[in-house]
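Here are a few friendly notes to read alongside the coordinates. They follow one helix and then one strand.

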Amino acid sequence: MTPEEQSDLTQPIGIIAGNRSLPLVFAQQARKMGAAKIVAVAFDKETDPKLADLVDETVWIKVGQLGKLISAFTERKVRRCVMLGQIAPRNLFDVRPDLRGVSLLLRLKEKNAHSIFGGIADELAKEGVELIEATPWLRPIMAPAGLRLGPELSEGESADVRFGFRIAKEISRLEIGQTVVVKDGTVLAVEGFEGTDKSLLRGGELAGKDGGAVAVKVTKENHDMRFDVPCIGPGTVETCATAGIRVLALEASRNLILEQEEVGKLAKRRKVTVVTTTGAPLG
């Protein structure tokens, strides 16, 4: 890392913080790397309240309050921010936007996650706030190529990883989802609006009583890491084990593994193999 890049990491940074643990992990990483000030915009009934202990200031808002989100950063002279975590799908449909949020939604021809988040980035930019990727701070916990946690793969499982990678890349290109569950060259489940965990459970159930399915999680081509940083953690491995999924394959250097030490222990204990892949033959 160059001195200029290191200097960038120490500048004040804002967090648009959804649910789960990734916003907390980012705050810890940013603090470790010397961020001068961290301001979080948190969402009622979504963001983990523990985040407030890891940042300098927290502004709580409701989903859809775009004007308040932007002013939280501009009033505190924060000129760069990241977007991390998720908003529960049910809350996206229960949103009551403010005037600026309504204006944005009316301008959008398509209202998928990418277009909405892109619109938010444009609105931030109008006020001098740049939405950037969080990856410079998170790179130390990206899953590298060649990683394997848990038991070795069989030849058939390795073939399913390659097959699943190809299918997952195609469904992600079509903006359907980024995870598939396969077994013996058959697609059992494709991630849709329900999210990763529910698609894992559905695919595991369809694998039959003997289990043995393979799940593959990728990023789409030209994936915009400003809006979505794919990640797994101990909970994902536990879901795989519950569903009878034997292998969880992640696209190398494009997914985060949260609590990697705990993931490794759990993978070994629950006999779920976590590997990274590029789609090429493993090993």
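1. Please keep in mind that this is a predicted model. A good place to begin is the outward face of α9: K198, E205 and L206 are exposed there, on the face turned away from the helix's buried side.

2. Now for that buried side. Helix α9 spans residues 196–206, and its buried residues are T196, S199, L200, G203 and G204. They lie on the same side of α9 because they cover an arc of only 135° around the axis. The general background is that an α-helix has 3.6 residues a turn, so residues three or four places apart point the same way.

3. What do the buried residues of α9 pack against? Their partners are four strands, β7 (179–183), β8 (186–190), β9 (213–217) and β11 (245–251), together with the helix α10 (234–243). Just after α9 comes G208, and its phi is positive, near 95°.

4. Strand β9 deserves its own look. It is largely enclosed by the rest of the structure, since 5 of its 5 residues are buried. The cover is on both faces: A213, A215 and K217 are buried on one side, V214 and V216 on the other. In a regular strand, side chains alternate between the two faces of the sheet.

5. Which way do the neighbours of β9 run, parallel or antiparallel? β7 and β9 are antiparallel and joined by 4 bridges, with V180 having V216 as its bridge partner in β9. β9 and β11 are parallel and joined by 5 bridges; here V214 stands opposite V247 of β11.

Definitions and conventions
Residues numbered from 1 in each chain as written. Predicted model: local features only at pLDDT ≥ 70, side-chain atom pairs only at ≥ 80, totals over all residues. Heavy atoms only, no water. Buried < 20%, exposed > 50% of the residue type's maximum accessible area, 1.4 Å probe, protein only. Helix = DSSP H or I, 4+ residues; strand = E, 2+ residues; numbered from the N terminus. Arc of directions from axis to C-beta. Contact = heavy atoms within 4.5 Å. Pairing = 2+ DSSP bridges.
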